[in-house]
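Hi everyone, thanks for coming along. I'd like to walk you through a model, first its sheet and then the empty space inside. Here it is on the screen.

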Amino acid sequence: MPAIHSIEIKPVTFKLKSPFVTAGGSKTETHNVQITITLEDGTRGLSEASSSIAMPNESQENMMKALKSLVPELRGKLIENYRELVATSWRLQSLHPTAAAAMECAILDAYARILKQPLAEFLGGKSLEVETDLTFSLQSPANLLKLAKDAGRKGFHRLKVKLGGTKPLEDLERLQAIHQGAPRAALVADGNQGFNLSQAVDFVHRLRRTQIPLVFFEQPFRKHDLRAMRFLRQRTHIPVFADEAVVSAADAVRVFEAEAADGVNIKVAKSGLLGALDIIHIAQRFKKRLAIGCMEESKVGLAASVHLACGTGVFEWVDLDSVYLLEPSAHRGGFHVKGPKYSVKGIGPGTGL
């Protein structure tokens with residue numbers, strides 16, 4: 001098999017269709033980094049690292065530095081040793097998981113192309129299609145009502161909303177507006193670490209009285225506060241999912257052993273593809289539920305996550321909607337988009353970008 005000939009690291013910026021607001025901050029554009037690995041025979045692997053409000057250390061500048069430092073360590077190495085290359089990336093840039101994960105995705109994309117195999121097939125080949133939700137950022141109930149109606153018209157059956165945390169009554173009004181606009185849609189609430197325990201309990205009790213069904217409540221507390229997560233899931237009726245609290249398989253073991261979550265939202269940008277497979281294994285061993293999410297990646301960055309979701313076929317909730325939040329990019333391939341449905345049928349080899 002060929003060796004890695006060159007690695008191109010390029011900054012890219014995408015405007016968001018509307019400001020994206022969470023309990024952690026807001027942004028109107030995302031500053032990302034794209035990677036192109038070229039092998040000696042001309043085969044390429046593509047990926048993208050996304051900046052995120054939830055991971056402020058992963059700025060475009062920091063990701064560029066981290067990725068550039070990996071180039072001399074990987075160049076000239078045989079692509080067949082992909083596990084060793086991935087391990088090197090994570091060992092040297094463990095403090096920049098989004099950068100390490102993006103390099104891993106480019107490596108595995110190139111390797112799957114050498115095998116002439118779609119990445120989804122390489123990752124299990126369980127299915128060819130998944131259905132994503134649509135995420136609403138922290139907005140007024142009036143705006144959310146309009147957005148929910150519009151999402152329903154476009155065929156979305158699953159909706160996710162960012163909550164503020166500090167004012168439980170306002171968060172309840174947000175969910176009521178979405179439920180009114182799309183009464184048949186399944187709903188998920190994302191606390192983005194913005195709640196304290198009393199606020200979360202107040203919100204859940206108010207929610208119960210409204211009889212609005214919630215599939216799960218994602219990461220309401222600071223990521224290290226497993227005690228609050230355990231208390232909430234044991235004393236209320238709402239399933240609690242971890243997000244920022246789980247980056248690695250070791251994190252997943254710690255969270256599940258503490259009985260702090262009913263499930264986990266896996267993100268390739270946090271854990272990489274192989275790390276995601278490890279977390280899936282841990283969750284299944286603990287009989288926990290699985291969701292998959294994304295940052296603000298363009299199609300280049302999102303493709304690996306779509307292939308993971310299709311390839312494994314294990315996720316009950318798919319939150320891979322960044323292509324709907326960003327202005328369209330010029331890249332083609334990766335996956336087919338039809339409303340909320342993503343398909344990798346006929347895509348490949350690799351991610352097919």
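Let's begin with the open sheet, which has eight strands in the order β5-β6-β7-β8-β9-β10-β11-β12, paired in parallel. Please keep in mind that what you are looking at is a predicted model.

Which strands stand at the edges? They are β5, residues 134–136, and β12, residues 317–318. Each has a single partner strand, so one side of each is left without a neighbour in the sheet.

Now let's zoom in on one pair. Strand β7, residues 186–190, runs parallel to strand β8, residues 216–218, and three bridges join them. If you want a spot to look for on the screen, find A189, which stands opposite F217 in β8.

Back to the β5 edge for a moment. Helix α5, residues 141–153, lies across β5 and β6, the latter spanning 158–162. The angle between α5 and β5 is about 170°.

That's the sheet; on to the cavities. Rolling a probe the size of a water molecule over the atoms shows where empty space is left. How many cavities of 30 Å³ or more does that give us here? The count is two.

The largest cavity holds about 80 Å³ of space. Its lining is made up of 13 residues, and those nearest the centre are E48, V268, A269, E297 and G301. Four elements each supply at least two residues of that lining: β3 (44–49), α3 (97–114), α10 (268–285) and α11 (299–312). Which of them gives the largest share? That would be α3, with four residues. As for chemistry, the lining of the largest cavity has six nonpolar, five polar and two charged residues.

The second largest cavity contains about 30 Å³ of space. It is lined by L46, S47, C105, D109, V300, G301, A303, A304 and T351. Here the elements giving two or more residues are β3, α3 and α11. In this lining the largest share, again four residues, comes from α11, whereas in the largest cavity it came from α3. By class, the second lining divides into five nonpolar, three polar and one charged.

One residue to mark before we finish is G301: it is among those nearest the centre of the largest cavity, and it also lines the second largest one.

That's my tour. Happy to turn the model around if anyone would like another look.

Technical notes: Residues numbered from 1 in each chain as written. Predicted model: local features only at pLDDT ≥ 70, side-chain atom pairs only at ≥ 80, totals over all residues. Heavy atoms only, no water. 1 Å grid on protein atoms, 1.4 Å probe; cavity = no way out; pocket = protein on both sides within 12 Å on 5 of 7 lines; lining within 4 Å. Points joined across faces, edges and corners; volume = space filled by probe spheres on them. Nonpolar A, V, L, I, M, F, W, Y, C, P; charged D, E, K, R; others polar. Pairing = 2+ DSSP bridges. Contact = heavy atoms within 4.5 Å. Axes fitted to C-alpha atoms, helices over the stretch in contact; angles between N-to-C directions.
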